[in-house]
Amino acid sequence: MLSNLLVQLINGIALGSTYALIALGYTMVYGIILLINFAHGEIFMAGAFVGLMLVTVFKVHIIFAFLGAMLFCMIMGVIIEKIAYKPLRRSTRLAALISAIGVSIFLSNLANLVFGAKPTTFPPTEEILFKIQTYELIAGAQITNLQILTIVTSAVLMVCLQYFIKKSRIGKAMRATSQDYDTAALMGVNVNRIISYTFAIGSSLAAAGGVLVGIYFGVVKYNMGFMVGLKAFTAAVLGGIGSIPGAMFGGLLLGIGEMLAVALGLSSYRDAIAFGILILVLLIKPTGLFGTQIQKKV
Amino acid sequence: MLVVENVDVNYGAIRALVDVSLEVHEGEIVALIGANGAGKSTTLRSISGLVKPNKGRILFEGSELQKCPPHKVVEMGISQVPEGRRVFPLMTVLENLEMGAFTRKDRANIKDDIDKVFAKFPRLEERKKQPAGTLSGGEQQMLAIGRALMSKPKIMLMDEPSMGLAPMLVQEIFNIVKEINQSGTTILLVEQNARMALAVANRGYVLETGQVVISGAAADLAKNEAVQKAYLGV
């Protein structure tokens with residue numbers, strides 16, 4: 001029982017770290033333009049497909065495929081913002097939200113058209129990466145080298161992001177813009193450019209998540225962005241939407257919660273439990289775990 | 001230096017500014033006074049590029065501003081202390097000051113200028129690592145002024161710097177306004193506290209429901225019967 005619990009805990013951390021990567025995009029975009037970017041799950045899906053194509057069709061090394069997918073989605077995210085959200089900047093938030101849902105439906109249908117409805121399999125791990133090995137930990141717990149890779153890659157990306165947001169000039173401008181849009185402009189921040197940066201960074205992290213999930217589960221499908229997107233969004237809300245540490249923590253919590261449900265023999269209810277956690281947190285703390293209400297003093 | 005020419009601003013069906021013209025010469029303090037909703041803040045927001053005029057021109061040192069986005073306006077040498085201070089609440093005092101210097105190319109000198117702001121406002125130095133949202137109202141106002149100085153502006157637009165402050169602090173803020181002006185920065189000052197504003201200003205304009213109704217030397221405005229009655233409570 002205990003060993004099973006520990007195994008699922010590690011599975012949960014691996015799954016949760018990919019949720020966290022994707023959740024960051026939701027939370028960063030929301031922090032700046034107060035939009036739930038419903039197309040974000042499809043960017044994740046696109047990242048998985050681009051990574052897969054680069055490996056199988058173009059025979060690129062997996063590391064370059066990973067970076068290529070990030071670059072592709074970076075550009076894709078920026079273009080989506082320019083086409084679908086920027087023209088609606090001055091209209092109601094609902095209009096932009098509907099536009100986001102539209103982009104999401106468009107992209108998943110486009111993927112269906114191009115790649116078909118059947119799941120496409122990733123090449124076996126030993127061909128593109130390494131042979132899966134399992135390491136014994138204490139009390140019967142196990143971890144695979146693939147899990148270590150997933151967790152470490154996510155962690156490295158998140159540490160880089162945190163450093164960028166805290167220390168760099170652009171990162172500071174992003175925080176300023178998310179706290180007070182007009183005043184950031186009065187400081188000389190080109191707000192449009194900051195919005196582009198936000199979409200670029202968020203989308204590339206989603207692409208990283210897409211490739212990692214593709215390798216981890218071995219399959220890629222046109223509608224894979226829907227459920228994962230919903231989960232990552234849940235993770236962002238759980239942590240407090242707009243908060244970057246919140247998204248990281250929310251992702252991990254959700255992944256672990258889901259896998260512990262599996263450990264307890266409730267695997268058919270794992271989605272229900274994931275969303276149940278959300279409802280519970282929101283009932284107790286409506287702003288999410290790390291969320292703060294920014295006072296708009298006038 | 002700064003010329004606002006026949007500017008109209010509409011918010012939907014509401015006419016916020018109607019044919020407003022005013023001028024600020026280099027080295028001056030110009031006060032813009034008027035009641036709540038008269039269009040004072042809208043005037044500053046249209047100079048800074050946050051709202052686009054529906055008609056008219058805004059010229060700064062001869063170049064047109066009315067089509068410039070806000071960040072370009074800052075680069076030209078115009079900074080604003082916005083109404084209600086608007087410090088970045090979750091960023092530290094130091095980071096707020098760094099944001100003020102965002103457009104500057106001479107990165108090496110920024111640290112010296114931060115020290116100058118700290119010399120002017122020692123309270124800010126004591127709290128430099130604190131999030132700005134935790135400062136008192138007066139400290140936030142000083143931070144907002146310090147932040148606006150960090151871009152080394154030629155002209156500073158100040159929107160109600162004395163609002164919501166204790167009387168002693170109000171006097172201090174107006175002293176600071178004078179000091180900043182004496183060290184070479186032109187100032188366009190929006191105030192509801194007309195008495196204080198006219199006391200420090202060279203010239204003044206009175207706005208009523210989006211229109212300039214009276215203008216002239218500050219000392220004359222302070223003696224003007226209509227101004228006294230409406231704004232000075234005499």
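Here is a short walk through a predicted two-chain model, one selection at a time.

Some housekeeping before you click: residues count from 1 along each chain as its sequence is written, and chains are lettered from A and ligands numbered from 1 in the order in which they are written. Because the model is predicted, local features need pLDDT of at least 70 and side-chain atom pairs count only at pLDDT 80 or more, while totals for chains, interfaces and linings use all residues; side-chain values use heavy atoms, with hydrogens and water left out.

**Stop 1: chain A**

Select chain A and switch to cartoon. You should find 12 helices and four strands (DSSP runs numbered from the N terminus: H or I of at least four residues for helices, E of at least two for strands). The radius of gyration, taken over C-alpha atoms, is 19 Å, close to the 19 Å from the globule rule (2.2 Å times the number of residues to the power 0.38), so chain A is as compact as a globular protein of its 298 residues. Along the principal axes, its C-alpha atoms fill a box of roughly 60 × 45 × 35 Å. Buried residues make up 52% of the chain; buried means under 20% relative accessible area, exposed over 50%, and partly exposed in between (1.4 Å probe, protein chains only).

**Stop 2: where B meets A**

Now show both chains. Here, 25 residues of chain B are in contact (heavy atoms within 4.5 Å) with 21 residues of chain A. About 2300 Å² is buried between them, with carbon and sulfur atoms giving 61% of that; buried area is the accessible area (1.4 Å probe) that two parts lose on being put together, summed over both.

Four salt bridges run between the chains, each a side-chain nitrogen of Lys or Arg within 4 Å of a carboxyl oxygen of Asp or Glu. On chain B, helices H1 (40-48), H2 (70-75), H3 (93-100) and H6 (137-149) each supply at least two residues of the side that touches chain A. H3(B) brings the largest share, four residues.

Zoom in on that helix. B:Glu98 pairs with A:Lys172 in a salt bridge, with the closest N and O atoms 2.6 Å apart. This pair goes from H3 of chain B to helix H7 (residues 169-179) of chain A. B:Glu98 is partly exposed at 27% relative accessibility, while A:Lys172 is buried at 15%. Then pick B:Glu95 and A:Arg175, another salt bridge, at 2.9 Å from N to O.

**Stop 3: charged pairs inside chain B**

Select B:Arg104, B:Asp106, B:Asp113, B:Lys116 and B:Lys152 as sticks: salt bridges link them in a network. Within it, B:Lys116 and B:Asp113 meet at 3.4 Å, N to O. They are three residues apart in helix H4 (residues 110-120), which means a separation of about one helical turn. B:Lys116 is exposed at 56%, but B:Asp113 is buried at 8%.

Next, try B:Arg123 and B:Glu139, whose closest N and O atoms are 2.5 Å apart in a salt bridge. B:Arg123 is in helix H5 (residues 122-126) and B:Glu139 in H6, so this pair ties together parts 16 residues apart in sequence.

**Stop 4: B:Ile173**

Finish on helix H7 (residues 167-182) of chain B, where B:Ile173 lies. Is B:Ile173 buried or exposed? It counts as buried, at 1% relative accessibility. Leaving aside neighbours within four places in sequence, B:Ile173 is in contact with B:Gln141, B:Ile145, B:Pro161 and B:Leu165.
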